[in-house]
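Reader: Hi! Could you walk me through this one while I have it open?

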Amino acid sequence: MSNMIEFLQKMPKAELHIHIEGSLEPDLMFKIARRNGIRLSFASVEEVKAAYRFDNLQSFLDIYYDAASVLQTEQDFYDMTWAYLQHCQEQNVLHTELFFDPQTHTNRGIEFEFIINGIGRAMNDGKQTLGISSLLIMCFLRHLSAESALNTLNQAIPFKEFIIGVGLDSSEIPHPPEKFQGVFERALEEGFLTVAHAGEEGSPNYIWQALNLLKVKRIDHGVRCIEDPILMQKLVDEQIPLTVCPLSNIKLGVFEKMADHNILTLLKHGLKVTVNSDDPAYFCGYVNENFFVLHRELGLNRQQAIQLARNSFEASFLVAQEKQRLIDQLEKYIQVSV
Ligand code: HPA
Ligand code: ZN
């Protein structure tokens, strides 16, 4: 292993953009399908992997929602989340903020309570036995109606203490943030923090709407901000974090190849960018593989990597004291690995 790869592997970091349903690896998918008596449309793990060739966001989402239908019991949600947290431990992810998509499951008749209990129990065990802290963010599927999102918000109210914020994912175009302004107003009144996927496929206008109408604290993806200099300036001035997902962006054709990716340009401009995996089981890598490819193909250096890791803690929704504790661990790591 080269020095830099080893440095990246061991570097303390946080992950802030991971869809827990997107961490479901094909072998676990088969195992869960088998125990639930579900027949998958794929014959083997190899066949599943061969199907993971996407042209754009929608072609991915079609397969992703289909695969998520194996999840039925609380234990299924537990096992999926636990498997992800074990990857976090292997990759020195000290803190993670997970998205989940309740509508993908409640629309199939799965109880909200099973979903949240399964994920929540794994998060708890992650803290107790692996020392990894985690927070949960509930995403609304933007291809569904605002009314459906509002119903979902209402279902989440009894579980408020387990959910730090709400977000917006699924097919970005033609579902701009303004469609969900009313729902996000209610969520803010209930004390949820807000985030939204914007500027992945959608124009910079979607990012403006997420900021101005949904009052988001972070933008998920956001890479198309580069087309709007005034927006860029605002993101720098207000240090609004972007949770960027390099491998995802290549797999879904947001950029043609990694050499075209703008993450280091955004970093140089002073934006608070972070590195994340999005859907690691589908995009060939967890967060460290994303760091490795940035090093290999964009020449990510040590100082940039440290900045990205520091950003990941600063951009998290942890309380100040907890953020500082993790940043101190990063600082200590930097000192001992000179
Ligand atoms: N974009 C939108 N929705 C998603 C994504 C994404 O990258 N991953 C999982 N759901
Ligand atoms: Zn995403």
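Author: Happy to; we can go through the overall fold, the metal site and the empty spaces. Keep in mind that this is a predicted model.

Reader: Sure. How many helices and strands are there in the chain?

Author: The chain has 16 helices and eight strands. Its radius of gyration is 19 Å, close to the 20 Å that the globule rule gives for 338 residues, so the chain is as compact as a globular protein of that length. Along the principal axes, the C-alpha atoms fill a box of roughly 50 × 45 × 40 Å.

Reader: And what share of the residues counts as buried?

Author: That comes to 58% of the 338 residues.

Reader: On to the metal. Which residues are the protein donors of the zinc ion (ligand 2)?

Author: His17, His19 and His197 each donate through NE2, and Asp278 donates through OD. These donors lie 2.0 to 2.2 Å from the zinc ion.

Reader: How are the donor residues spaced in sequence?

Author: The pattern is H-x1-H-x177-H-x80-D. Distant parts of the chain are linked here: histidine 19 sits in strand β1 (residues 13–19) and histidine 197 in strand β5 (residues 193–198), 178 residues apart.

Reader: Why is the arrangement around the zinc ion irregular?

Author: Because the four donor atoms subtend angles of 81 to 174°. For four donors to count as tetrahedral, all angles would have to lie between 85 and 135 degrees.

Reader: Are histidine 19 and histidine 197 buried or exposed?

Author: Histidine 19 is buried, at a relative accessible area of 4%. Histidine 197 is buried too, with 5% relative accessibility.

Reader: Nice. What volume does the largest cavity have?

Author: About 100 Å³. Two of the zinc donors turn up again here: of the 13 residues that line this cavity, the closest to its centre are His19, Leu57, Phe60, Leu61 and His197. Helix α4 (residues 57–68) gives the most to the lining, with four residues. By type, the lining has five nonpolar, three polar and five charged residues.

Reader: How much space lies in the largest pocket?

Author: About 280 Å³. It is lined by 13 residues, and the closest to its centre are Gly120, Met123, Glu161, Phe162 and Ile163.

Reader: Which element gives the most to that pocket's lining?

Author: That would be α7, with six residues. Both α7 (112–130) and β3 (133–141) supply at least two residues each. The pocket lining divides into seven nonpolar, four polar and two charged residues.

Conventions
Residues are numbered from 1 along each chain as its sequence is written. Chains are lettered from A and ligands numbered from 1 in the order in which they are written. This is a predicted model: local features need pLDDT of at least 70, side-chain atom pairs count only at pLDDT 80 or more; totals for chains, interfaces and linings use all residues. Side-chain values use heavy atoms; hydrogens and water are left out. On a 1 Å grid over the protein atoms alone, a cavity is a set of points where a 1.4 Å probe fits but cannot get out, and a pocket is an open set with protein on both sides within 12 Å along at least five of seven lines; lining residues have an atom within 4 Å of a point. Grid points are joined across faces, edges and corners, and a volume is the space filled by probe spheres set on the points. Ala, Val, Leu, Ile, Met, Phe, Trp, Tyr, Cys and Pro count as nonpolar, Asp, Glu, Lys and Arg as charged, and the others, Gly among them, as polar. Donors are N, O and S atoms within 2.8 Å of the metal (3.2 Å for Na, K and Ca); water is not among the atoms, so sites may look incomplete. Four donors count as tetrahedral if all angles lie between 85 and 135 degrees; four count as square planar and six as octahedral if opposite donors are over 155 degrees apart and all others between 65 and 115; anything else is irregular. Buried means under 20% relative accessible area, exposed over 50%, partly exposed in between (1.4 Å probe, protein chains only). The radius of gyration is taken over C-alpha atoms; the globule rule is 2.2 Å times the number of residues to the power 0.38.
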